[in-house]
Structures are given as structure tokens and as C-alpha cells.
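Student: I am new to this structure and would like a close look at a single part of it. Could you take me slowly through the salt bridges and the residues that form them?

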Amino acid sequence: MNWTKQILPYVAVMLIQVLILNQLQLFGICHPYVFILILIMMPITLPRSADMIIGALLGLLMDLFCNSLGVHMAACVLLTCLRRPMISNIVTDESRLNRQIDSKTIGQASFIKYAAVLIVIYHASVVMLSAWSFAHVGFMISEIVVSSLLSGLMIIGYDILRSK
């Protein structure tokens, strides 16, 4: 029963992403991807292979709902690969990281820094892989910035609400 308490919030996040946020497009440049908080908040004590499988499956699931031909899968695997080195650079006492990574375990400022970098990397990789060209660099940069800001605000908001 304990595992259901841990998995149900993530199922809810995926449903919100697929049913609501995937339909949201502000001015054609904002595509918030809040589901990546599942990857951002995973404990680093999971085996590396489990990390990669979870990342690939989440990306594949998003690709199925977005019809994006592997873009999200590639971006999720990249995020999963970069997660451990990022957290190692931010947190020196890794004994705290046997649970979910959030503002309680690593501190508010560290979590915001950690999440912000991964959110921007994820959005940049999705936008660049989707565009497959640098013909419209200004539009791509604005899409990365706006989508990252909205996703970041939602993820930080989720963390704050969950911690209270």
C-alpha cells in the first residue's frame, strides 16, 4: 500500500499534463511540461538502469500523446542522464537523498537552482529536436524561455504545495 501513496501523485501529474497542459498553448510559443517533475524529484538511490527506463518510458508516453516521434523520449533520457551530476554539484551530503528530491531534502534555493537548470535543458532539447533547424532562432529562444518559466513556476508551486 505504501507504493500507491508514492505513485498516485505522479499518475495525477501525468493526467493533468496529458488532459489539460498538452492542450494549453499560449501565443503558440508556450508548451508547459510539468510531468518532468517526476524525473526531477526521483531519488538518486535508484539504480541507474531504473532511472533510464523510467525516463525513457515517461518520454515514450508523452510522445504517444503528443505525436512527437521520439522527441520527448530523447529529452527525458537526456534529463535523466544529467540529473545525478547536477545534484552532486549542488548537494554535498548525499545521505539526505535517499528519499524524493525536493525543497525539504536539499533546501529551497538548491532545489530551485537544480530544477531550473534541468527544466531549461529539457525545453531546449524538445524545441531544438522538434524544429530540426536553426532557421527561426529567435522564435526558438522565446519558446524555450516562456515554456521553461511557466513549467518552472508550476513545478516550484507543486513542490511548495506538497511540502505544506
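**The salt bridges, one by one**

Tutor: A search of the whole structure turns up three salt bridges. Before going through them, please keep in mind that this is a predicted model, with a mean pLDDT of 86 for the protein and 91% of its residues at 70 or more.

Let us begin with Arg83, whose side chain meets that of Asp51 in a salt bridge, at 3.2 Å from N to O. Arg83 lies in helix H4 and Asp51 in helix H3, which spans residues 48–66, so this pair ties together parts that are 32 residues apart in sequence. Helix H4 itself covers residues 71–90. Arg83 counts as buried because its relative accessibility is 0%, and Asp51 is likewise buried, with a relative accessible area of 0%.

The surroundings of Arg83 can be listed as well: leaving aside residues up to four places away in sequence, Arg83 touches Leu39, Ile40, Met42, Pro43, Ile44, Asp51, Ile101, Tyr114 and Leu118. Its salt-bridge partner Asp51 is thus one of the residues in that list.

Asp51 also takes part in a second salt bridge, in which its side chain meets that of Arg84, at 2.8 Å from N to O. Here again the pair runs between helix H3, which holds Asp51, and helix H4, which holds Arg84, so parts that are 33 residues apart in sequence are tied together.

The remaining salt bridge is formed by Arg162 with Asp102, and their closest N and O atoms are 2.3 Å apart. This pair links distant parts of the chain, since Arg162 belongs to helix H7 (residues 137–163) while Asp102 sits in the loop between H4 and helix H5 (103–106), with 60 residues separating the two. As for their exposure, Arg162 counts as partly exposed because its relative accessibility is 29%, whereas Asp102 is buried, with a relative accessible area of 6%.

Returning to the pairs that share a partner, we find Asp51, Arg83 and Arg84 joined by their salt bridges into one network.

For contrast in subject, one may turn to the surface, where Ile7, Leu8, Val11, Leu15, Ile16, Leu19 and Ile20 make a nonpolar patch of about 670 Å². Leu15, a member of that patch, lies in helix H1 and is partly exposed, with a relative accessible area of 47%. Some care is in order here, as helix H1 (residues 2–19) is where confidence is lowest, at a mean of 79, while helix H6 (residues 108–131) has the highest, at 93.

Definitions and conventions. Residues numbered from 1 in each chain as written. Predicted model: local features only at pLDDT ≥ 70, side-chain atom pairs only at ≥ 80, totals over all residues. Heavy atoms only, no water. pLDDT = per-residue confidence, 0-100. Helix = DSSP H or I, 4+ residues; strand = E, 2+ residues; numbered from the N terminus. Contact = heavy atoms within 4.5 Å. Patch = residues over 30% accessible without salt bridge, like charges linked within 9 Å, V, L, I, M, F, W, Y side chains within 5 Å. Areas by Shrake-Rupley, 256 points an atom, 1.4 Å probe, with all protein chains shown as cover. Salt bridge = Lys/Arg side-chain N within 4 Å of Asp/Glu carboxyl O. Buried < 20%, exposed > 50% of the residue type's maximum accessible area, 1.4 Å probe, protein only.
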